[in-house]
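Let's take a walk through a protein and look at its aromatic rings. Have the sequence and the 3D view ready.

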Amino acid sequence: MSGCTLMRLRWMLLLMGAVVIMSAPHHAAGQIPFESSTGQIPYAGQYNRGQDIVPSYDGWRPNPDGSFSMYFGYMNRNYEEQLDIDIGPDNNVDGSDRGQPTHFYPRRHWFVFKVVVPKDWGVDKKVAWTLSIRGKTNIARGWLQPDWEINNEVMMENVGAGNRDPDNEAPVITGTGPQTISLPDTVTLSAVARDDLLPRPRGQRNSGEAGVEAQGLSVQWIQYRGPGAITFTAPTRAATSTRSMRETAAMTIA
């Protein structure tokens, strides 16, 4: 493969028990319709591969400048298979690129990206994310109806963290910016995440990759866009938590 290939990699910050992902106020993961192009899938069924992807609208919240952020996620119906859908007719938000992912990990992922709409966006006007794969087209439509408004408490409740710290805020992340490499060269990525010490950690548990707390701050490297396969050097997740500071530094080579 000649020339330079831009590898757009993003890190996803995972907060064990904190705010990372969200769902709509009245929709739980178990209520996602398990219907595929091959027919109805039993709720108890597990499919390692061969299924499609369903985008989801996870709610909206107002921004300080008067605009609104609409959040979207997805359900990869496969338990093992990772899929890629390039930006274009098969992966678009209202026919364009709005920062949506092109690489999809197995199962349900909430609050993956957001679309910001202006302050004069009407309550009945919609934003549509379309995903097509394996002969199946699924569309998630977001709007500003009051029932879909979310906040920190709703976000925590929907990811199973419970309403322990309603004042909890998302961490601040700094790290390496976009880089261009020529394949098969590797690239070194680094990131630092700083937290507000909420929620308080409840203890520690062992992890096969790193000392990840049962509740605390962690950084995990993922492939967000671009065709695979991308391999990260271990550990792909790093975490730390103390009584006075919660800061995690992570580095990997991809």
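What follows is a tour of ring pairs and of charges that sit over rings.

Keep in mind that this is a predicted model. If you search the whole structure, nine aromatic pairs turn up. One of them is W60 with F68, which meet edge-to-face. Their ring centres are 5.5 Å apart, and the planes make an angle of 80 degrees. Why quote two values? A pair of aromatic rings is described by how far apart the centres are and by the angle of the planes.

Are these two rings buried or exposed? W60 has a relative accessibility of 7%, so it counts as buried, because the cut-off is under 20%. F68 is buried too, at 17%.

Now move on to F72 and W129, another edge-to-face pair, with 6.4 Å between the centres and 85 degrees between the planes. Find F72 in strand β6, which covers residues 68–76, and W129 in strand β11, residues 127–133. The two lie 57 residues apart in sequence, so their pairing ties together distant parts of the chain. As for burial, F72 comes out at 0% relative accessibility and counts as buried. W129 is buried as well, with a relative accessible area of 0%.

That pair doesn't stand alone: ring pairs link F72 and W129 with Y57, Y74, F104, F113 and W148 into a cluster.

Last stop: charges over rings. R108 lies over the face of W110, 3.4 Å from the ring centre. K126 does likewise over the face of W143, at 4.4 Å from the ring centre.

Conventions. Residues are numbered from 1 along each chain as its sequence is written. This is a predicted model: local features need pLDDT of at least 70, side-chain atom pairs count only at pLDDT 80 or more; totals for chains, interfaces and linings use all residues. Side-chain values use heavy atoms; hydrogens and water are left out. Rings of Phe, Tyr and Trp (its six-membered ring) pair if their centres lie within 6.5 Å; planes under 30 degrees apart count as stacked, over 60 as edge-to-face and the rest as tilted. Buried means under 20% relative accessible area, exposed over 50%, partly exposed in between (1.4 Å probe, protein chains only). Helices (H or I, at least four residues) and strands (E, at least two) are DSSP runs, numbered from the N terminus. A charge sits over a ring if NZ of Lys or CZ of Arg is within 6 Å of the ring centre and within 35 degrees of the ring normal.
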